[in-house]
Every structure is written in structure tokens, then in C-alpha cells.
Amino acid sequence: MATKKTVAVVGATGAQGGGLVRAILNDPQGGFTARALTRDVNSDKAKKLAELGAEVVAANVDDLASLERAFQGAYGAFCVTFFWEHFSPEKELAEATNMAQAAKRAAIQHVIWSTLEDTRKWVPLSDVRMPTLKGKYKVPHLDAKGEANQVFTDLGLPVTFLLTSFYWDNFIYFGMGPKKGADGKLALTLPLDDKKLPGIAAEDIGRCAYGIFKRGHELIGNTVGIAGEHLTGAQMAAAFSKALGTEVVYNAVPHAVYRSFGFPGADDLGNMFQFKCDFNEYFCGARNPETARALNSSLESFEHWLAQNKSRIPLGE
Ligand SMILES: NC(=O)c1ccc[n+]([C@@H]2O[C@H](COP(=O)([O-])OP(=O)(O)OC[C@H]3O[C@@H](n4cnc5c(N)ncnc54)[C@H](OP(=O)(O)O)[C@@H]3O)[C@@H](O)[C@H]2O)c1
């Protein structure tokens with residue numbers, strides 16, 4: 001049997017990377033093996049990946065030498081950054097640069113960079129429709145990812161840019177699920193107007209990334225945008241109502257109101273939703289569910305995801 005190709009997966013104990021590791025390990029005849037990168041090889045999550053059959057190695061995206069060691073001998077590398085760990089776009093750009101440099105030095109043959117738009121190409125800092133944040137960003141947690149694309153390109157890496165979508169898992173982990181209002185009714189509060197939000201089950205991102213690696217060289221140099229479905233707030237609320245068996249209403253709030261909610265990152269997310277609304281045709285067009293399904297035949301619909309996950313969604317006040 002031919003030697004399997006190793007994919008080094010950053011963020012392997014997390015949502016995107018974890019999905020990729022599981023996709024590789026669930027396909028033993030697929031020709032790939034997974035090398036899971038983690039800061040702590042002894043954590044429960046890391047041990048679980050080892051039990052599943054992953055090679056687990058220590059690496060920190062802030063430490064170039066550790067990345068070089070972890071990428072050594074691998075065929076592919078999946079690169080992702082972790083904005084919400086530190087809220088710093090500058091740090092995110094530095095971490096992406098470390099991964100790109102490590103991939104270059106390890107002569108990786110196929111890099112997937114999990115990216116998002118540099119929104120300043122659509123909304124220059126001079127545009128007052130949304131506030132400038134952290135001095136030089138419109139949507140900090142998107143902009144530096146998009147800015148980092150150039151780093152991968154400038155190093156001449158064989159890279160596929162993977163444009164991801166809003167995880168439906170945010171309804172479980174990010175406090176975005178329906179909440180009870182003063183009237184006792186559950187409401188899904190989002191600043192989405194009547195626009196569609198490309199969303200995806202986080203696990204499907206890794207499955208799509210695996211589909212990209214399986215295509216060989218075909219998608220190198222391409223940007224691949226993925227989503228499970230494009231849904232309006234009203235459509236998501238209707239799906240919640242059906243899944244939960246109780247009415248959930250859609251509460252559309254203005255972007256400025258969302259920005260003022262006060263939780264960490266509310267201004268960043270308010271700007272993000274405004275970008276998605278103001279450039280809805282572009283944003284949805286760049287994330288085609290059919291593209292995702294062609295890479296990953298088990299792509300989940302929102303209804304299916306909700307049926308599997310509804311009991312995990314906190315329905316707080
Ligand atoms: N939520 C959304 O809707 C959404 C949509 C699109 C894109 N994104 C982006 O997705 C990114 C996060 O990806 P994710 O959701 O897969 O992450 P995640 O589930 O939060 O997992 C992060 C994992 O990364 C590892 N990690 C954190 N800091 C690290 C470091 N310095 N060096 C090495 N590993 C580190 C941690 O593993 P160890 O503790 O094992 O080291 C952790 O398990 C963010 O940048 C976010 O902007 C999110």
C-alpha cells in the first residue's frame with residue numbers, strides 16, 4: 001500500500017481542526033493520516049484524538065520553531081487562528097505569518113488557510129457607516145485573517161483559501177441562541193435585518209477541508225467558500241420553533257444596538273453582521289452550499305443540525 005499523506009492540523013482539539021482530524025480518521029482508506037497539533041498533549045481532548053488514531057504533537061502558533069517541528073515531514077497543513085483567545089488582530093496576523101513560514105520551511109505541498117474577508121476592501125476606514133475599531137479595523141476578527149492571505153501568497157505557498165461561515169454551534173457556545181424575553185417568549189436576537197446568513201455546522205468545515213485535500217492539486221491557488229445553508233433570521237427562528245416545539249420569534253435588532261450590548265467583542269460582531277447585511281449578495285455568493293456538498297457529501301442542513309443539537313442549546317433569560 002502506498003504511504004499515507006500526513007496532514008498537520010492546527011487547532012486539532014477545537015472545532016475546525018477537530019472536524020478535519022475526525023474526517024481523516026473516519027476514512028482509513030482515504031490515503032491520509034492526521035497529525036493533531038495542540039499546546040497540551042496531555043489534555044483530555046488531545047488524548048481522545050490519540051485514541052481515535054491521530055498522531056498528537058505539541059505546537060504553539062506563537063512559537064515558530066514548534067510549528068516547524070510539527071509540520072516537518074507532513075504533506076499538508078491546515079492553518080487556523082484563534083481570535084477569541086486574545087481579541088488581537090495583530091497577534092492573529094503574526095500567528096498566521098508563523099504558520100505560513102513554518103509551512104514554507106517544511107516544504108508543505110498543500111496548505112489550507114482558514115480565512116475570512118478583509119472587510120476594509122469593502123468598507124474603507126473612512127467609511128462612517130460603521131465605527132473603526134482598535135485603530136485600524138472595521139471587523140477586527142475578520143480583517144487580519146483576510147490581510148494574512150497575502151502572507152501565504154507572497155511566500156509562494158501551494159495554498160487553498162477556505163472562506164468559512166457562521167457556525168450554528170454559536171447557538172450553543174457563543175451565547176447567541178434564543179433567549180426568553182420579558183413576555184416569556186423565546187426570541188432569536190440577531191442584527192440581520194431580512195438578510196440571509198450563510199451558516200454551517202462547525203464539524204462540516206473540517207469535512208470540507210478534507211474534501212479539498214482529497215482533490216490533490218486541483219484547488220491550490222483557489223478560494224473555496226463554504227456554507228451549509230443561507231437562512232434569514234425568520235427562517236432560523238421557524239426552524240428553532242419546529243425543533244423545540246415552542247414558538248421562537250425573530251428579533252431583528254439594529255447593528256448599532258447590537259454593538260452597544262456590552263459583552264466583549266459586541267462592537268466587532270455588530271460590524272461583522274452589518275458587513276454581512278450591507279454586502280449580502282457578495283457574502284452569500286462567496287459561500288456556496290453546493291460547493292461545500294461537492295467536497296463533503298454529509299453536509300448538514302440547519303434542520304438536521306438542530307435535531308441533533310437542540311438539547312445542548314442554553315435557552316436562558
Ligand atoms: N464561531 C464562528 O462562527 C466562526 C466562523 C468562522 C470562523 N471562525 C474563526 O474560527 C477561529 C477559531 O477556530 P475554532 O472555532 O476551530 O477554534 P476553537 O474551537 O476555539 O479551538 C481552538 C483550539 O485551538 C487551540 N489553540 C488555541 N490557542 C493556540 C495556540 N496559541 N497555539 C496552538 N493552538 C492553540 C486550542 O487547542 P489546545 O488547547 O489543545 O492547544 C483549542 O482547542 C477564530 O479565529 C474565529 O474567528 C469562527
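A polar contact is taken here as a pair of N or O atoms within 3.5 Å; within protein, one of the two must be able to donate a hydrogen and the other to accept it, and residues adjacent in sequence count only if both atoms are side-chain atoms. The structure is a predicted model, in which local features need pLDDT of at least 70 and side-chain atom pairs count only at pLDDT 80 or more, whereas totals for chains, interfaces and linings use all residues. Residues are numbered from 1 along each chain as its sequence is written, and side-chain values use heavy atoms, with hydrogens and water left out.

**Ligand site**

An oxygen atom of the ligand lies 2.7 Å from a polar backbone atom of Thr81, and two further backbone contacts to ligand oxygen atoms are listed with it below.

| Residue | Protein atom | Distance to a ligand oxygen atom |
|---|---|---|
| Thr81 | polar backbone atom | 2.7 Å |
| Gln16 | backbone N or O atom | 2.8 Å |
| Arg39 | polar backbone atom | 2.8 Å |

Taken alone, the ligand exposes 940 Å², of which the protein buries 83% (accessible areas by the Shrake-Rupley method with a 1.4 Å probe). The elements that give two or more residues to the surrounding shell are helix H1 (15-25), helix H4 (83-86), helix H6 (140-154) and strand E7 (166-167), and H4 gives the most, with 3 residues; helices (H or I, at least four residues) and strands (E, at least two) are DSSP runs numbered from the N terminus. In total 26 residues surround the ligand, the closest being Thr13, Thr38, Thr81, Lys145 and Tyr167, where a residue is near if one of its heavy atoms lies within 4 Å. By class, the shell holds 10 nonpolar, 11 polar and 5 charged residues, with Gly counted as polar and Tyr as nonpolar.

**The parallel sheet**

An open sheet of 7 strands has the order E3-E2-E1-E4-E5-E6-E11 with parallel pairing, two strands being paired if DSSP finds at least two bridges between them. Strand E3 (55-58) and strand E11 (223-225) stand at the edges with a single partner strand each, so one side of each is left without a neighbour in the sheet. Neighbouring strands are turned by 20° against each other on average, direction ignored (axes are lines fitted to C-alpha atoms, and angles between N-to-C directions run from 0 to 180 degrees). Strand E1 (residues 5-9) pairs with strand E4 (residues 76-79) over 3 bridges, and Val7 stands opposite Gly76 in E4. H1, which also contributes to the ligand shell, packs on this sheet by touching E1, E2, E4 and E5, with its direction at about 150° to that of E2; contact means heavy atoms within 4.5 Å.

**The mixed sheet**

A further open sheet has 3 strands in the order E8-E9-E13, with mixed pairing. Strand E9 (residues 186-190) runs parallel to E13, joined by 5 bridges, and Leu188 has Tyr250 as its bridge partner in E13. Helix H9 (residues 233-244) lies across E9 and E13, at about 160° to E13.
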